[in-house]
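Colleague: Hi! Could you walk me through this model?
Modeller: Sure, let's open it and talk it through.

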Amino acid sequence: MIRIGFVGFGGDIAPKFTEAIGSDVLILPMPASAQPSELLDGPEAVLPEVLILDARISHEHALEFASRVESQYPHVVLLVVTGNPEAIGLEAMRSGVSDVIAADAEVGEINQAIEMAAQRAARFAPLEAESQVPEAEGRVITVVSAKGGVGKTTVATNIAVALATAVPHSTVIVDFDLQFGDVATALGLEPEEHLEDALHSAASGDVIALKSHLTMHDSGLYVMPAPTNPATADTVSGAQTSQLLQMLAKEFQYVVVDTATGLNDHTLGALDETTDPLLLTELSVPGIHGLRKVVDTLSLLQMFTDCHHVVLNFANTAHGVSPRDLEASLGVPVEISIPISRRAPAALNVGVPLAQSKPRDPLVKALTPLIDQLLPEYASFPVSDRRWGRR
């Protein structure tokens with residue numbers, strides 16, 4: 001049974017929502033300080049799995065409360081009720097709200113929104129047993145290559161979408177190709193906020209402000225796009241890169257980082273915070289030689305962690321170079337071999353990753369073992385789950 005709580009609800013709409021739910025609900029006041037602990041902590045407090053906030057009087061106060069709930073109680077699913085859903089939709093998503101309900105919605109519409117929230121909450125149920133365990137910092141997965149054109153952005157966005165789909169509200173992708181990054185384009189987004197907007201919030205340690213600079217993808221993935229002006233790259237230091245990723249890793253289970261070609265200061269700053277370096281190449285002599293230099297450099301800098309992943313993209317031996325040649329040069333095994341995907345260029349052009357639109361594509365199937373390694377045990381998909389192409 002999913003527990004549902006109303007926060008700040010006026011008596012004028014409470015009966016309609018109670019009718020839609022069809023069961024008893026817990027009606028709570030909206031705390032003046034917007035501190036969730038005033039309502040949800042204490043020896044006799046019962047934490048609802050779904051919270052519905054009345055944002056009609058002050059959506060700013062309600063969304064501030066939602067942001068703090070999302071930060072302190074990440075497994076609570078949040079809905080808001082407002083007289084103007086379009087006006088606060090984007091801001092609500094940045095505050096961790098799953099859905100916005102119009103105050104004049106019919107009972108059937110309300111019921112559908114609440115049912116979807118309850119289903120989402122049910123997916124978090126296995127986490128309850130772990131709620132007393134101190135929360136560890138998230139995993140930072142940084143995609144690196146020595147040369148361009150090997151599919152860094154395609155691989156990074158598909159991994160990020162897959163993780164976000166499997167574990168809701170868990171994943172953020174950061175575009176650290178600060179001059180020519182196109183993560184937003186690959187995801188079909190036209191963001192208003194970019195990485196440079198978030199750096200001041202990171203420097204001040206303001207987590208809520210930092211999250212307000214993220215863009216929500218319709219898969220549930222949070223996105224921090226690259227700057228729109230290539231010159232901005234000259235104003236961002238490696239230290240700022242590290243500081244930003246440190247904050248994000250405390251707030252998200254997974255931080256996926258796309259990078260520029262090679263090992264510039266921003267990439268090295270990201271790798272300094274990386275738990276899982278993902279080294280990407282294709283089968284060419286220049287690509288293999290370049291990746292060998294990357295491995296040597298990371299080993300020298302003690303950034304080549306035990307959780308590294310060597311990924312071969314465009315795995316085609318027609319030009320005389322084989323995966324065995326790659327392994328012999330690197331001295332480490334190839335973990336993932338991705339075949340050529342005919343759909344990948346079109347997916348990049350239309351801004352819909354294959355993990356979202358064509359999960360049975362060979363590219364997604366090839367990445368599935370890596371996704372399984374990264375996912376927690378409770379989120380493992382059954383062998384019959386068609387979304388990941390398993391039989």
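Colleague: Let's start with Phe314. Is that residue buried, exposed or partly exposed?
Modeller: Phe314 counts as partly exposed, because its relative accessibility is 35% and the partly exposed class runs from 20% to 50%.

Colleague: What is its phi angle like?
Modeller: Phi of Phe314 is positive, about 55°, although Phe314 is not a glycine.

Colleague: And where in the chain is Phe314 found?
Modeller: Phe314 is in the loop between β12 and α13, and α13 covers residues 323-330.

Colleague: What about Gln302, what is its phi?
Modeller: Gln302 is another residue other than glycine with a positive phi, and the value is near 60°. You'll find Gln302 in the loop that runs between α12 (285-300) and β12 (309-312).

Colleague: Buried or exposed, that one?
Modeller: Gln302 is exposed, because its relative accessible area is 74% and anything over 50% counts as exposed.

Colleague: Let me step back. How confident is the predictor in this chain?
Modeller: Good thing to ask, since this is a predicted model. The mean pLDDT is 83, and 86% of the residues reach 70 or more.

Colleague: Which elements have the lowest and the highest mean pLDDT?
Modeller: Strand β2, residues 26-28, has the lowest at 67, while strand β10, residues 254-259, has the highest at 97.

Colleague: Where does pLDDT fall below 50?
Modeller: One such stretch is residues 126-135, and the model gives this stretch seven contacts beyond near neighbours in sequence. Residues 380-391 also stay under 50, with 24 contacts beyond four places in sequence.

Colleague: Okay, new topic. How many helices and strands does the chain have?
Modeller: There are 16 helices and 13 strands.

Colleague: And what share of the residues is buried?
Modeller: Of the 391 residues, 52% count as buried. As for the outside, the chain exposes about 17,500 Å², with carbon and sulfur atoms supplying 51% of that area.

Colleague: How far apart in sequence are the residues that touch?
Modeller: If you take contacts between residues at least 6 apart in sequence, 74% of them join residues at least 24 apart.

Colleague: Now the pockets. What is the volume of the second largest pocket?
Modeller: Its volume is about 490 Å³. This pocket is lined by 20 residues, and the closest to its centre are Arg120, Pro168, Asp218, Ser219 and Gly220.

Colleague: Which elements give two or more residues to that lining?
Modeller: Those are α5 (107-123) and α6 (152-166). The largest share, six residues, comes from α5.

Colleague: What kinds of residues are in the lining of that pocket?
Modeller: The lining has nine nonpolar, seven polar and four charged residues.

Colleague: How many cavities of 30 Å³ or more are there?
Modeller: The count is four. The largest cavity has a volume of about 60 Å³.

Colleague: Which residues line the largest cavity?
Modeller: Among them are Thr154, Thr157, Asn158, Ala186 and Leu348. Both α6 and α14 (344-350) supply at least two residues each to this lining.

Colleague: How many of the lining residues of the largest cavity are nonpolar, polar or charged?
Modeller: Seven are nonpolar, three are polar and none are charged.

Colleague: Thanks, that helps a lot!

Technical notes
Residues numbered from 1 in each chain as written. Predicted model: local features only at pLDDT ≥ 70, side-chain atom pairs only at ≥ 80, totals over all residues. Heavy atoms only, no water. pLDDT = per-residue confidence, 0-100. Helix = DSSP H or I, 4+ residues; strand = E, 2+ residues; numbered from the N terminus. Contact = heavy atoms within 4.5 Å. 1 Å grid on protein atoms, 1.4 Å probe; cavity = no way out; pocket = protein on both sides within 12 Å on 5 of 7 lines; lining within 4 Å. Points joined across faces, edges and corners; volume = space filled by probe spheres on them. Nonpolar A, V, L, I, M, F, W, Y, C, P; charged D, E, K, R; others polar. Buried < 20%, exposed > 50% of the residue type's maximum accessible area, 1.4 Å probe, protein only. Areas by Shrake-Rupley, 256 points an atom, 1.4 Å probe, with all protein chains shown as cover.
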